[in-house]
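Visitor: I am new to this structure. Please take me through the sheet closely, and then show me what lies around it.

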Amino acid sequence: MKIVERHVIIFSIAMYVTAIGLLIYLQFIGKERQFTVAIDIEKLCKVDVDENEWEYVVLHHSATDEGNAIRFDKYHREKRKWPEGLAYHFVIGNGSGSGNGEIEVGDRWKKQIYGAHTANMDLNQIAIGICLVGNFEEENEPTNNQLESLTSLVNYVSKRYKISESNVIMHNQVNQKGTACPGKNFPYEQLIDRVTRSEPERTL
Ligand SMILES: [Zn+2]
């Protein structure tokens, strides 16, 4: 056997082993990310202060590939100079920076105070701001876990504060100039459909 041939064989075996290794690794990573989201929304949303009279839900994306409540809080405090920090009431992670589908509760929710997530100050007083980590204006869309968590959260707050489906809106539906938020790939119809479908049957 020529030396070159032997090299080719050794190289092929090495590639094969690497490929198998990579497959096993990816499966492992895949499994790790696919944890089921079992969240007790009621417990998560419980606050120790008087509840605000919320009338709207406004949906956002972070316009970043990764992130979490602490990082956005730091940004809003230091760069935007908002003393209350994190502009949103809730942040739903995508697996980069926090859990995939993990719901983080912001201080503004715990204090039941206005958000800073739209340019409309009147709306901010009565609108629950939910931000999904990700940039859905680019090629990405929310993960299944994010959508499941968002559905549960929107369902819960809608019932608790009697927020109608038409008051669950995207940031770009708020009357202000030019925001793409939460991005063209945000599956709004699907969300509304899920929220409506997951309502328990009403007794006639
Ligand atoms: Zn937004």
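Guide: What follows starts with the sheet and then moves to the helices and loops.

First, the ground rules. Residues are numbered from 1 along each chain, as its sequence is written. This is a predicted model, in which local features need pLDDT of at least 70, side-chain atom pairs count only at pLDDT 80 or more, and totals for chains, interfaces and linings use all residues. Helices (H or I, at least four residues) and strands (E, at least two) are DSSP runs, numbered from the N terminus.

Now the sheet. It is open and has 5 strands, in the order β3-β2-β4-β1-β5, with mixed pairing. Two strands pair if DSSP finds at least two bridges between them. β3 and β5 stand at the edges, each with a single partner strand, so one side of each has no neighbour in the sheet. From one strand to the next, the twist averages 25 degrees. Angles run from 0 to 180 degrees between N-to-C directions, and axes are lines fitted to C-alpha atoms, for helices over the stretch in contact.

Start at the β3 edge. Strand β3 covers residues 100–105. Of its 6 residues, 5 are buried, so β3 is largely enclosed by the rest of the structure. Buried has a cut-off: 20 or more other C-beta atoms lie within 10 Å of the residue's own. With 12 or fewer a residue is exposed, and in between it is partly exposed; the C-beta atoms are placed from the backbone.

Next comes β2, residues 90–94. β2 and β3 run antiparallel and are joined by 4 bridges. Valine 91 has glutamate 104 in β3 as its bridge partner. The two strands form a hairpin, with 5 residues between them. In that turn, glycine 95 has a positive phi of about 100 degrees. Glycine 99 also sits in the loop between β2 and β3. Glycine 99 is partly exposed, with 18 other C-beta atoms within 10 Å.

On the other side of β2 is β4, residues 127–132. Here the strands run parallel, joined by 3 bridges. Phenylalanine 90 stands opposite isoleucine 130 in β4.

β4 also pairs with β1, in the parallel sense, over 6 bridges. Valine 58 faces glycine 129 in β4. Strand β1 spans residues 56–61 and is mostly covered, with 6 of its 6 residues buried. Tyr56, Val58 and His60 point one way from β1. Val57, Leu59 and His61 point the other way.

Last is β5. β1 and β5 pair in the parallel sense over 3 bridges. Leucine 59 stands opposite methionine 170 in β5.

Now to a helix, α6. Glycine 99 and asparagine 145 are 46 residues apart in sequence, yet 9.4 Å apart in space, C-alpha to C-alpha. Asn145 is one of the buried residues of α6, along with Gln146, Ser149, Leu150, Ser152, Leu153, Val154, Val157 and Ser158. α6 holds 17 residues, 144–160. From first C-alpha to last it reaches 24 Å, close to the 24 Å expected at 1.5 Å a residue. That expected span is 1.5 Å times one less than the number of residues. Just after α6, lysine 162 takes a positive phi of about 50 degrees.

α6 meets a second helix, α7, residues 188–197. Their axes come within 9 Å and cross at roughly 55 degrees. The two helices are therefore oblique to each other. Oblique is what remains once under 35 degrees counts as roughly parallel, over 145 as roughly antiparallel, and 65 to 115 as roughly perpendicular. The crossing is right-handed: the near helix is turned clockwise from the far one by less than a right angle, where anticlockwise would be left-handed. Leu147, Leu150, Thr151, Val154, Asn155 and Ser158 in α6 meet Leu191, Arg194 and Val195 in α7. Contact here needs C-beta atoms, placed from the backbone, within 7 Å.

Finally, some backbone details. Most residues other than glycine have a negative phi, and most peptide bonds are trans. Cysteine 181 and proline 182 are joined by a cis peptide bond, with omega about 5 degrees. Proline 182 is in the loop between β5 and α7. Lysine 81 has a positive phi near 60 degrees. Lysine 81 lies in the loop between α3 and β2, and it counts as exposed, with 7 C-beta neighbours inside 10 Å. Glutamine 112 has a positive phi of about 55 degrees. Its loop runs between α4 and α5.

Note on methods
Contact = placed C-beta atoms within 7 Å.
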